[in-house]
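Work through the exercises below with the model open beside you. Try each task before reading its solution.

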Amino acid sequence: MKFNKTLLALTITAFMLAGCSSDDNESLATDTSGTDASTTSTTPLSDGGMSSTPIGSGLGTGLGSGYGSGTTPSNASNLGPEFSDPSNPLSKQIIYFELDSSQIRQDFVPVVAAHAQYLTSHPNAHVILAGHTDERGSSEYNISLGEQRGKSVERLLKSQGVSASQLEVVSYGEEKPAVAGHNESAWQMNRRVEVGYQ
Amino acid sequence: MILITRILFVGLLTALCSIAQAAGLTIEITKGSQTAVPIAVVPFAQQGAVGNVKLSDVISSDLAGSGFFKSLSEDDMLTKPSEPERVNFKDWQVLGQDYLTIGQVVGNGGSYNIQFYLYNVANGQLLMGYKLTAGANELRRAAHHISDLIYEKLTGRKGAFNTRIAYVTSAAKGNGKQYLLQIADADGFNPRTVAESPEPIMAPAWSPDGSKIAYVSFHTKRSEVYVQTLSTGHREAVSSFHGINGAPAFSPDGGSLALTLSKDGSPDIYVLNLSSRNLTRLTTGLSIDTEPNWSPDGSSIVFTSDQGGKPQLYLIPSSGGKATRLTFQGDYNARGRFSADGRSLAMVTGSGGGYRIAVMDMATHTVNVLTDGRLDDSPSFAPNGSMVLYSANKGGRSVLSVTSTDGAMQQKLAFDSGEVREPVWGP
């Protein structure tokens with residue numbers, strides 16, 4: 001009876017059952033016990049005494065105001081003006097990738113080099129390299145692909161003298177797209193590594 | 001726990017308190033089976049207060065959603081009998097129905113007495129008749145139970161209507177996002193939030209007995225694997241290594257978790273013994289090795305690896321050893337999930353720009369693509385192997401979908417708002 005066209009629009013109100021334990025709905029964010037933290041690979045920033053030093057030559061004016069210890073990645077307003085000068089490669093804090101690739105594109109090699117130079121001249125600076133992918137394919141595979149992208153950037157930074165202790169890779173896979181949308185123009189903006197100064 | 005006898009009690013098995021939280025859900029059959037068996041489920045006669053659950057709608061929806069049946073619309077029924085003596089089988093024969101279900105439900109101050117009968121329309125034979133008692137808030141469960149009984153009687157296979165699913169929702173909240181790990185009935189009703197975070201939650205995995213869920217949480221801004229006991233809400237971080245902590249999968253005995261860790265370099269498959277906390281590394285090398293899933297006998301683990309250049313599925317003994325490649329068709333085969341009998345393996349297969357759900361026959365290695373979406377992901381089998389739950393993108397949103405394992409029937413479960421991803425069918 002034309003069942004395939006039948007719309008079972010059972011828009012009904014579903015009652016949510018909550019477990020009797022009040023723990024059930026507790027926010028994870030409030031559940032970070034001390035033991036968890038000790039095994040998590042967090043690298044705390046040094047305290048507020050972190051002093052900035054002028055950056056090396058060739059990379060614009062070496063003001064380098066101190067940057068805060070906030071955890072918001074890539075907050076350029078806390079960084080020196082060179083980070084917001086569009087003609088300075090440091091202003092580029094997102095490195096984009098080709099589909100299913102973790103190879104650094106040629107056009108981003110100077111960008112990574114600029115960050116390497118900044119980091120070597122600011123040994124107290126610390127960045128999180130957050131790897132991301134587009135939404136295509138399976139989400140756990142994409143976590144691995146995002147990590148490979150982060151590690152590609154990490155490897156290139158290390159090869160230019162950046163200390164391993166200044167770098168940390170985190171992959172979010174496809175979980176945090178920069179751009180919503182389900183087409184190539186969105187996908188190419190989402191295949192990325194964000195260089196987040198801490 | 002529920003005795004299948006002539007008189008059947010659906011007991012209140014777990015102490016749950018209800019909370020008035022509403023969520024709009026739409027179930028839509030997007031592709032119907034041509035060979036489905038016609039069945040009419042007549043609205044049950046009601047006495048007393050029976051709430052807002054219409055048993056016949058739940059049963060009809062369950063049966064149609066299985067792909068094996070097509071349910072007659074109530075509007076097309078000539079009569080609506082609720083007692084055996086009122087049934088005129090000719091009324092159903094002219095409508096081309098093979099089977100007929102009628103029944104009654106009596107509200108009894110918080111509990112419900114339900115009777116139903118299943119008939120063969122051609123010869124008027126009574127195939128089944130049951131009485132059952134359901135407690136408060138258990139009417140939907142009782143309806144799913146009736147669906148299970150009908151399905152098993154007519155197909156010879158156990159039903160999976162009284163099972164649960166887990167999934168992750170995400171929606172904007174303030175300037176950020178809210179991720180919820182939820183469990184719900186297999187038809188998407190009765191959602192219950194078991195974890196909540198402003199950072200991503202991923203990869204829920206059921207313990208074999210359904211009492212626990214393992215999942216990945218980024219709430220510390222790094223990935224960690226948690227195991228949470230559903231009855232108490234107690235959770236424990238079991239893996240918080242440097243790098244990726246991902247893709248947990250319980251062993252069939254529930255004692256171990258297979259995981260993806262990148263603490264030693266590239267992502268590799270490890271087995272974590274949950275009582276001793278001993279960690280065994282199964283794969284090595286520079287490739288991505290991820291998404292482990294145990295064969296039901298526990299002897300081997302399927303995983304995704306790009307060791308051949310592109311992601312493909314491999315099988316490795318769970319005690320360690322040499323991996324053998326399983327998939328050879330196409331550029332992209334990932335996230336293998338075994339059926340409970342171990343005979344089939346669901347996967348995400350990529351070809352021609354689309355990512356679809358496919359099932360491999362483990363005996364012949366034949367691959368059958370079941371869906372036609374562009375962004376289908378996260379397949380898992382119903383416990384009876386008859387259906388595969390997965391996530392699909394429909395109209396720019398991620399929704400849950402179900403397909404029969406022959407691909408003949410598809411339906412989607414759409415929630416009012418937000419994205420719904422990473423579904424996994426419980427035991």
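**Exercise 1: an aspartate in a loop**

Asp134(A) sits in the loop that links β3 (127–132) to α3 (139–159) of chain A. The model is a predicted one.

Task: Decide whether Asp134(A) is buried or exposed. Then list its contacts beyond four places in sequence.

Solution.
- Step 1. Count the other C-beta atoms within 10 Å of Asp134(A): there are 24.
- Step 2. Apply the cut-off: a residue is buried if 20 or more other C-beta atoms lie within 10 Å of its own. Asp134(A) is therefore buried, with its count of 24.
- Step 3. Set aside the neighbours within four places in sequence. Asp134(A) then contacts Glu174(A), Trp187(A), Asn190(A) and Arg191(A).
- Step 4. Take one C-alpha to C-alpha distance. Leu99(A) is 35 residues from Asp134(A) in sequence, and the two are 8.2 Å apart in space.

**Exercise 2: positive phi in two loops**

Task: Place Asp100(A) and Asn190(B) in their loops. Give the phi of each, and classify each by burial.

Solution.
- Step 1. Start with chain A. Asp100(A) belongs to the loop between β2 (94–96) and α2 (109–121) of that chain.
- Step 2. Read the backbone angle. Asp100(A) is not a glycine, yet its phi is positive, about 55°.
- Step 3. Count around Asp100(A): 19 other C-beta atoms lie within 10 Å, so the residue is partly exposed.
- Step 4. Move to chain B. Asn190(B) is in the loop between β10 (176–185) and β11 (192–197).
- Step 5. Asn190(B) is no glycine either, and it has a positive phi of about 55°.
- Step 6. Count around Asn190(B): 21 other C-beta atoms fall within 10 Å, so this residue is buried.

**Exercise 3: two domains of chain B**

Task: Describe how domain 1 of chain B meets domain 2 of chain B. Which element gives the most to the domain 1 side?

Solution.
- Step 1. Set the bounds. Domain 1 of chain B covers 7–13 + 24–155, and domain 2 covers 164–425.
- Step 2. Find the separation. The C-alpha centres of these two domains of chain B are 34 Å apart.
- Step 3. Count the contacting residues: 18 from domain 1 of chain B and 18 from domain 2 of chain B.
- Step 4. Assign the domain 1 side to elements. Those giving two or more residues are β2 (16–31), α1 (55–65) and α3 (139–155) of chain B.
- Step 5. Pick the top contributor. β2(B) gives the most, with 8 residues.
- Step 6. Sort the domain 1 side by character: 3 residues are nonpolar, 11 polar and 4 charged.

How values were computed. Residues numbered from 1 in each chain as written. Chains lettered and ligands numbered in written order. Predicted model: local features only at pLDDT ≥ 70, side-chain atom pairs only at ≥ 80, totals over all residues. Domains from an automatic or database assignment. Contact = placed C-beta atoms within 7 Å. Helix = DSSP H or I, 4+ residues; strand = E, 2+ residues; numbered from the N terminus. Nonpolar A, V, L, I, M, F, W, Y, C, P; charged D, E, K, R; others polar. Buried ≥ 20, exposed ≤ 12 C-beta atoms within 10 Å, placed from the backbone.
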